[in-house]
Structure formats: structure tokens, C-alpha cells
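Colleague: I have not seen this one before. Can you put it up and walk me through it?

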Amino acid sequence: MSTDDTTAPAPAPASATAPAVPVADPADSPFRTEPTSRDEAPQYVLPLVVHLEKTEPPARNDALRTAARAVLTMLSDPRSLDEGEWARAVRDWQDARIRKVVRRARGAEWRKASALPGITVTGAGAEVRVYPPVPLDGWPKELAKLQVSGTDLDDPEPPAAPAPGEPVLWLNPELDMSAGKTMAQAGHGAQLAWWELTDDERDAWREAGFPLAVATPDPDRWQALTTSGLPVVRDAGFTEIAPGSCTVVADHPALRSRLAG
């Protein structure tokens, strides 16, 4: 797994019932390499832990999809909204740079991590637990000692193509990222899509269980996607890849329909 200290290109609404907020003034853009007001705010991180046993590791694509769904589940949970017990931490995290860090756990480590307040999201064979945001230097000890680097993940078989009408997180075909890094980037993409949806569109996605696919297009299609008007995640460059790299395009049918209209 790998750490990910990236940013995504939009300020967040105060709650999931508020309208999505457009990109901030360019002078305060999180794409800028020099310090901005988002850097001056207290910095938080969203911890994600993937259950990774030696004998039965999850498929890579399943882990990516499950991580993205875990982020959406945290954003939509009543405890993250309005006056919920996690709402202040979620607001503070989204007001700064929306960092995410993926760690791995097995055996007793996973059981201890599962006992902390959070939400476990399952996929076809993957389990990812997401926790309320914590200060960069304020990790719970049970999570702080978990490994960030280590075993990577593979797909035993090529992932199925996205189904018609399914939300898709498109990955940059020219970047080589670890599984943990890619899981965090998929979470960023899902979060950007969530911010831009209407209340009714969010409700429909949540009630359906947040279905989504993660896929890698060919280079020509990737170029078209990055200029389509759909949300694009750009990396801050703290780990693995160069600053400003486009990593994910969030392609939700509601957003694509809006662009076509």
C-alpha cells in the first residue's frame, strides 16, 4: 500500500444537503504549488485501512472501487452531516486539502482497527474501513502503527468493462501508481463527483449502494476525458508522481448529461 497526500480541485459544501460549490478563485486554487489559504487552515487526513490478509488479498480493481465507495459512505453518513458527531472533523478536513492515506491491516491489527469508530465497506472480495478525519499529527495509535507500504495488489483477471449508465472513475493510463495511491485517487474522484451532484442525484446514488466502476481508457480517450468538463483530480505531488498530474476523471451519468444538455 502507499500513502497519498494529494488534493482535489474543489472546495466542499458544508453538508451533503448543501449545493455543490464550484472551483474556488484561481488565486486560491489547490493546484498552485505556493502556499494558499487552504494550507494555512488546520490540515486533516481521511484514514482508510484495507483488510489485506496474506493468503487471500483482494483484487486490485475491487479494492479501488471499495475505497471510492467508502469515501462516499463517509461523506453521506448522518454522523458527518449538520450537527453529527463527525461533522466538525469532516468540515475542517474539506476546508483544507482533502488528504487521504491508505494503510493495510491483517489479523489482530484489522480487528483492533475495526474496533475504532468508523465504517467498514465491503466489495466483491475487498474490505475497506474509513474513519472520521484526524489531524495530520493526531492519528489514533491503532492506526498510526499500521504499514503504509508493502504488498501491492493485482487483478487475477482483467476487470469487467463498465456497464452502460454506470458511474466510472477513469484512471490516467500514463501513470504508474501503487495500489494504495490509486485507492486514494479513486476516493478523490468519487468525492469530486459527489460535490457536483444535486441532492436528488446524491440520494439516488446512495440508495443504489454507490455503484461505480474503475477503468483505464486508452490515451486518446483519456485526453478527451480531461477536456470534457467532467471533474478532474490533480495530484499535489507529495508522493509518487509529479505535482499537477491528472490522475482521475469522475464520469457520473448525471454530470455527463448536464454537459450534453
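Modeller: What follows covers the chain, its cores and its empty spaces; the model is a predicted one.

Colleague: Start with the basics. How many helices and strands are in the chain?

Modeller: The chain has 9 helices and 10 strands. It runs to 261 residues, and buried residues make up 52% of them.

Colleague: What share of the contacts with a separation of 6 or more comes from residues 24 or more positions apart?

Modeller: Such residues account for 78% of those contacts.

Colleague: And the surface?

Modeller: The chain exposes about 11,600 Å², and 51% of that is supplied by carbon and sulfur atoms.

Colleague: Now the inside. Which residues have the most contacts inside the largest nonpolar core?

Modeller: Leu48, Leu169, Met183 and Trp205 do, in a core of 55 residues. Apart from that core lies another, with 12 residues, including Val101, Leu116, Tyr131 and Val134.

Colleague: Back to Trp205. What is Trp205 in contact with, leaving aside its neighbours within four places in sequence?

Modeller: The partners of Trp205 on that count are Leu72, Pro167, Ala190, Ala193, Trp194, Leu197, Phe210, Pro211, Leu212 and His252.

Colleague: Different topic: pockets. How much space lies in the largest pocket?

Modeller: About 220 Å³. It is lined by 14 residues, and Arg60, Leu64, Leu171, Thr182 and Thr216 are the closest to its centre.

Colleague: Which element gives the most to that lining?

Modeller: H2 does, with 3 residues. Helix H2 spans 60–76, and both it and strand E8 (213–215) supply at least two residues of the lining.

Colleague: What classes of residue line the largest pocket?

Modeller: The lining has 7 nonpolar, 4 polar and 3 charged residues.

Colleague: How many cavities of 30 Å³ or more are there?

Modeller: The count comes to 2. The second largest cavity holds about 40 Å³ of space.

Colleague: Which residues line the second largest cavity?

Modeller: Trp205 turns up again, in a lining made of Pro167, Val168, Leu169, Ala193, Trp205, Leu212, Ala250, Asp251 and His252. Strand E7 (168–171) and strand E10 (246–251) are the elements that give two or more residues to this lining.

Colleague: And the classes in the lining of that second largest cavity?

Modeller: By class there are 7 nonpolar, 1 polar and 1 charged. Pro167, Ala193, Leu212 and His252 from this lining are also among the contacts of Trp205.

Colleague: Good, that gives me somewhere to start.

Technical notes. Residues are numbered from 1 along each chain as its sequence is written. This is a predicted model: local features need pLDDT of at least 70, side-chain atom pairs count only at pLDDT 80 or more; totals for chains, interfaces and linings use all residues. Side-chain values use heavy atoms; hydrogens and water are left out. A nonpolar core is a set of buried Ala, Val, Leu, Ile, Met, Phe, Trp, Tyr and Cys residues joined through side-chain atoms within 4.5 Å. Buried means under 20% relative accessible area, exposed over 50%, partly exposed in between (1.4 Å probe, protein chains only). Contact means heavy atoms within 4.5 Å. Helices (H or I, at least four residues) and strands (E, at least two) are DSSP runs, numbered from the N terminus. Accessible areas come from the Shrake-Rupley method with a 1.4 Å probe; for residues, only the protein chains shown count as cover. On a 1 Å grid over the protein atoms alone, a cavity is a set of points where a 1.4 Å probe fits but cannot get out, and a pocket is an open set with protein on both sides within 12 Å along at least five of seven lines; lining residues have an atom within 4 Å of a point. Grid points are joined across faces, edges and corners, and a volume is the space filled by probe spheres set on the points. Ala, Val, Leu, Ile, Met, Phe, Trp, Tyr, Cys and Pro count as nonpolar, Asp, Glu, Lys and Arg as charged, and the others, Gly among them, as polar.
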